Amino acid sequence: MNAADRFRAAVDNKDLTALDDLFTEDIRLYSPVKFTPFEGKPMVLGLFGVLLRTFEDFRYVGDYTGTAQTSADGTSAPSAVLLFRARVGGKEIHGIDLLHLDDDGRIKEFTVMVRPQSAVHALGEAVLAGLVEDGLAPAPAGQ
């Protein structure tokens, strides 16, 4: 089973331990709701803990593999694109997960893209609330 298949199985099973084994220590996750990436395994695993309980009816519906340039350094890396559908706060989301792999087949960079914009907004609010709840982000000012 390749890294994309193992990642997909870990998400399907909500298995954070399996995700921990798949991520490099310095993984970077680029989110649709934040310009700068989430960096490092502890932060990215924490984010996945929030995402796995935030998405409703999450399912992968397709995949592609190949190579793509990474955002961090522009090098070409083995990559996989996983297409998904889900709901957040009753809003339907269409999205892709773009995984970049290192030489050992572990995920070193991860980019999430979702649409439509109303779903991005709902996802951003839900994820921020989860990160604050888990102590991974400060509460927004004025709260």
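**How the sheet and its helices are assigned**

Q: In this predicted model, which strands does helix H3 (residues 41-54) lie across, and at what angle does H3 run to S1?
A: Helix H3 lies across strand S1 (23-30), S2, S3, S4 and strand S6 (107-115), and runs at about 55° to S1.

Q: What makes S4 and S5 a pair?
A: Two strands pair if there are at least two bridges between them. Strand S4 (residues 76-88) and strand S5 (residues 91-101) have 10 bridges, so they count as paired by that cut-off. Their sense is antiparallel. One partnership joins Val88 to Lys91 in S5.

Q: How do you know that S1 and S6 are paired?
A: Four bridges join S1 to S6, and the cut-off is at least two, so the two strands pair. S1 and S6 run parallel. Tyr30 has Thr111 in S6 as its bridge partner.

Q: Why is the pairing of the sheet called mixed?
A: Strands of a sheet can pair either parallel or antiparallel. S1 and S6 run parallel, whereas S5 and S6 pair in the antiparallel sense over eight bridges. The pairing of the six strands is mixed.

Q: Why are S2 and S3 called edge strands?
A: The open sheet has the order S2-S1-S6-S5-S4-S3. Strand S2 (38-39) and strand S3 (56-69) each pair on one side only.

Q: What is the mean pLDDT of the protein chain, and which element has the lowest mean?
A: The chain has a mean pLDDT of 92, and 99% of its residues reach 70 or more. Among the elements, H4 has the lowest mean (89) and S1 the highest (96).

Conventions: Residues numbered from 1 in each chain as written. Predicted model: local features only at pLDDT ≥ 70, side-chain atom pairs only at ≥ 80, totals over all residues. Heavy atoms only, no water. Helix = DSSP H or I, 4+ residues; strand = E, 2+ residues; numbered from the N terminus. Contact = heavy atoms within 4.5 Å. Axes fitted to C-alpha atoms, helices over the stretch in contact; angles between N-to-C directions. pLDDT = per-residue confidence, 0-100.
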